[in-house]
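Visitor: I'd like a walk through this one, feature by feature. Could you show me how to read it as we go?

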Amino acid sequence: MITAKTAPQAIGHTMLDEKRIREIAQEVATANLTSANVSSVSSSAAIDSEGRDALRITIVIKPGSASKIKGDSTLDTLVGIQDRLREEGEERFPIVEYATKKELSASGGS
Amino acid sequence: MAVLNPNHLFEQANKLIAIQVGPPRQVDIRRAILTAYYATFHATITAAADQFIGVTNRDTSRYGLVYRSVSHAWLRELCKEVQKPTLSNKFKPHAPSNGFGPNITAFAAAVVELQEKRHAADYDVMIRMNKSDATLAISTAKAALRRFAKASNARRLAYLSVLLFQPR
């Protein structure tokens with residue numbers, strides 16, 4: 001049965017809906033990185049390096065925040081997101097990445 | 001024997017994305033992410049070889065044998081395993097009685113994540129990598145090694161034992 005919170009994936013994995021994933025990631029990111037550094041969070045389906053279904057979670061940080069954020073905070077954010085998603089039954093591996101809004105909108109190669 | 005100093009690798013990674021005119025090149029961002037991962041990889045393998053062969057034996061061939069015995073795939077598999085709330089049966093007898101604990105678990109989470117980014121940096125030309133992510137990958141890798149060092153000797157030894165002597 002498809003609920004508001006989770007939906008079964010075709011191959012049998014449990015998947016949280018995008019909104020709940022963003023809520024979890026936003027809560028964990030803000031708690032560890034502070035709202036002074038976090039602008040927003042987005043998520044999308046991805047495939048990991050082993051070809052398995054994964055989640056790409058993008059934490060949008062404010063300009064200049066990358067040099068202010070401590071490694072312990074990003075590590076706690078990673079562990080926190082993984083733990084919360086697992087607790088809620090999400091089986092996909094989350095790939096957590098960071099970008100500023102400007103970096104996200106950048107186009108073209110260098 | 002030239003054991004790679006993780007701090008030197010982190011310095012190299014930071015240099016690649018240091019402030020310059022305009023955004024860093026994709027090759028530099030990607031190389032910085034690769035280097036952050038390799039710093040954790042080499043630090044882990046060095047810890048294992050130092051533990052079982054000995055720091056004073058770094059110049060011996062057996063040190064080199066042990067150093068080369070760990071694959072990226074096995075490191076990833078083990079790191080995924082130690083993060084599980086309940087270990088698989090084949091790992092249970094080799095785990096500390098009170099589990100691997102939060103420091104090893106956090107270290108393991110970072111290794112898997114960094115390896116994933118490293119793979120994307122090497123092979124995925126469909127995504128554009130950015131300086132913020134590379135900067136924070138380096139910071140995360142440094143923090144991961146600090147957590148590994150903070151783990152109790154018993155937990156670290158259990159992890160390194162399973163890393164070198166794969167349970168069957």
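Visitor: Let's start small. Leaving out residues up to four places away in sequence, which residues does Ser73(A) touch?

Guide: Skipping neighbours in sequence leaves the contacts made by the fold. Bear in mind that this is a predicted model. Here, Ser73(A) touches Asn32(A) and Leu33(A). Ser73(A) sits in helix α2 of chain A, residues 71-87. Its C-alpha atom is 5.5 Å from that of Asn32(A), although the two are 41 residues apart along the chain.

Visitor: And is Ser73(A) buried or exposed?

Guide: For that, you count C-beta neighbours. Ser73(A) has 20 other C-beta atoms within 10 Å, so it is buried, with 20 being the cut-off for that class.

Visitor: How much of the rest of chain A is buried?

Guide: Of the 110 residues in chain A, 35% are buried. Long-range contacts are worth a look too: among contacts in this chain between residues at least 6 apart, 59% link residues at least 24 apart in sequence.

Visitor: What order do the helices and strands of chain A come in?

Guide: Read from the N terminus, the order is β-β-α-β-β-α-β-α. That gives five strands and three helices.

Visitor: How do I read the strand pairing, say for β3(A) and β4(A)?

Guide: Look at the direction, then the bridges, then the turn. Strand β3 of chain A (residues 38-47) and strand β4 of chain A (residues 53-61) are antiparallel, paired over nine bridges. You can check the register with single pairs: Ser44(A) is opposite Arg56(A), and Ile47(A) has Asp53(A) as its bridge partner. The two strands make a hairpin with five residues between them, and Gly51(A) in the turn has a positive phi of about 85°.

Visitor: Which way do β4(A) and β5(A) run relative to each other, parallel or antiparallel?

Guide: β4(A) and β5(A) are parallel, joined by eight bridges. One pair to click on is Ala54(A) with Phe93(A), its bridge partner in β5(A).

Visitor: What about confidence? What does chain A average in pLDDT?

Guide: The average for chain A is 88, and 85% of its residues score at least 70. The weak spot is residues 1-10 of chain A, where the pLDDT is below 50; that stretch has 13 contacts in the model beyond near neighbours in sequence. As a rule, where pLDDT is low, the predicted coordinates should not be read in detail. Chain B has a mean pLDDT of 96, with 100% of its residues at 70 or more. For the complex, the predictor gives an ipTM of 0.94 and a pTM of 0.92.

Visitor: How many residues of each chain are in contact across the interface?

Guide: Start with the counts, then ask which elements supply them. There are 24 residues of chain A in contact with 21 of chain B. On the chain A side, the elements giving two or more residues are α2 and β5 (93-100). The largest share, seven residues, comes from α2(A). By type, this side has 11 nonpolar, eight polar and five charged residues.

Visitor: Which residues have the most contacts inside the largest nonpolar core?

Guide: That core has 73 residues, and the best-connected are Ile33(B), Ala36(B), Ala110(B), Ala141(B) and Ala144(B). Helix α2 of chain B (residues 26-52) gives the most to this core, at 12 residues. Ala144(B) is a nice one to inspect: beyond four places in sequence, its contacts include Ala110(B), Phe107(B) and, in chain A, Leu75(A).

Visitor: How do I check the geometry of a helix such as α5(B)?

Guide: Compare the expected span with the end-to-end distance. At 1.5 Å a residue, the 23 residues of helix α5 of chain B (residues 101-123) should span 33 Å, and the end C-alpha atoms are 33 Å apart, so the two agree. As 17 of those 23 residues are buried, α5(B) is largely enclosed by the rest of the structure.

Visitor: One last residue: where is Tyr63(B)?

Guide: Tyr63(B) is in helix α3 of chain B, residues 61-67. It counts as buried because it has 21 C-beta neighbours inside 10 Å. Beyond four places in sequence, Tyr63(B) has contacts including Met1(B), Ala49(B) and Ile53(B).

Conventions
Residues numbered from 1 in each chain as written. Chains lettered and ligands numbered in written order. Predicted model: local features only at pLDDT ≥ 70, side-chain atom pairs only at ≥ 80, totals over all residues. Helix = DSSP H or I, 4+ residues; strand = E, 2+ residues; numbered from the N terminus. Expected span 1.5 Å × (residues − 1). Buried ≥ 20, exposed ≤ 12 C-beta atoms within 10 Å, placed from the backbone. Contact = placed C-beta atoms within 7 Å. pLDDT = per-residue confidence, 0-100. Pairing = 2+ DSSP bridges. Nonpolar A, V, L, I, M, F, W, Y, C, P; charged D, E, K, R; others polar. Core = buried A, V, L, I, M, F, W, Y, C linked by C-beta atoms within 7 Å.
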